[in-house]
Amino acid sequence: MTTRTATCRCGQLSATCTGEPVRVSVCHCLDCQKRSGSAFSAQARWPAEQVVVAGASKTFVHTADSGNTITHHFCPDCGSTVHYRIDGKFDGLIAIPVGAFADPAFPAPRFSVWEERKHDWVEILGDDVEHSR
């Protein structure tokens, strides 16, 4: 069984995931742009029972563009978001920013969402990528 560990920049907060993610996606919403500091974010989701979190975190809770409530867990020392939960459509799943795994071989996204907020110069490629506005 595959095991992957995501960490914050200082290593204090981690999330160890077993098995393959149930969803890998790219999001172009303004919230994800702000959270990632980039033009989009990439994240993977696992069932909560397949994720073990270690270390201290602080939380930030807010309502996303979708209307769902998101609880972000970030390192109180370095500020990196290591995991978050979205109430509603993704109940029972934990989302982890793909970059927190520091693994260039991580599985490619299959979903590209909130594309109406996508920067014109960004293209998410792949024959099996589902695009949604």
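I take buried to mean under 20% relative accessible area. The model I am looking at is predicted.

**Cysteines**

I began with Cys 27. Is Cys 27 buried or exposed? Its relative accessibility is 7%, so I entered Cys 27 as buried. I then searched the whole structure for disulfides and found 0. For Cys 27, the nearest cysteine sulfur belongs to Cys 29 and lies 3.6 Å away. A disulfide needs the two sulfur atoms within 2.5 Å, so I could not count this pair as one. Cys 75 is in no disulfide either. The nearest cysteine sulfur to that of Cys 75 is the one of Cys 10, at 3.7 Å. Cys 75 has a relative accessibility of 1% and therefore also goes down as buried.

**Gln 43**

Cys 27 turned up again when I looked at Gln 43, since the two residues are in contact. I located Gln 43 in strand β4, which covers residues 41–47. Its relative accessible area is 1%, so I noted Gln 43 as buried. Which residues does Gln 43 touch, leaving aside neighbours within four places in sequence? I listed Arg 23, Val 24, Ser 25, Val 26, Cys 27, Cys 32, Arg 35, Tyr 84, Ile 96, Pro 97 and Val 98. With Arg 35, I also found a polar contact between the side chains, at 3.5 Å.

**The sheet of β1, β2 and β5**

Next I traced an open sheet of 3 strands. I read its order as β1-β2-β5, and the pairing is antiparallel. Why is one side of β1 and of β5 left without a neighbour in the sheet? β1 (3–7) and β5 (51–54) stand at the edges and each has a single partner strand, so nothing in the sheet flanks the other side. I noted an average twist of 15° from one strand to the next.

I then went through the pairings. β1 and β2 are antiparallel and share 5 bridges. In that pair, Thr 5 has Thr 16 of β2 as its bridge partner. The two strands make a hairpin, and I found 6 residues between them. Gly 11 sits in the turn, with a positive phi of about 90°.

On the β5 side, β2 (residues 14–18) is joined to β5 by 4 bridges, again antiparallel. I looked up two positions here. Ser 14 is opposite Ala 54 of β5, and Ala 15 has Val 53 of β5 as its bridge partner. As a general note, side chains in a regular strand alternate between the two faces of the sheet.

**Positive phi outside glycine**

I also checked for residues other than glycine with a positive phi. Ala 102 has a phi near 50°. I placed Ala 102 in the loop between β9 (93–97) and β10. Its relative accessibility is 67%, so I recorded Ala 102 as exposed. Trp 114 has a phi near 55° and lies in the loop between β10 and β11. With a relative accessible area of 22%, Trp 114 counts as partly exposed.

**Glu 115**

My last entry concerns Glu 115. Where is Glu 115 found? I found Glu 115 in the loop between β10 (111–113) and β11 (130–131). At a relative accessible area of 11%, Glu 115 is buried. Not counting residues up to four places away in sequence, I noted contacts of Glu 115 with His 28, His 131, Ser 132 and Arg 133.

How values were computed: Residues numbered from 1 in each chain as written. Predicted model: local features only at pLDDT ≥ 70, side-chain atom pairs only at ≥ 80, totals over all residues. Heavy atoms only, no water. Pairing = 2+ DSSP bridges. Axes fitted to C-alpha atoms, helices over the stretch in contact; angles between N-to-C directions. Buried < 20%, exposed > 50% of the residue type's maximum accessible area, 1.4 Å probe, protein only. Contact = heavy atoms within 4.5 Å. Polar contact = N/O pair within 3.5 Å; in protein donor to acceptor, adjacent residues only side chain to side chain.
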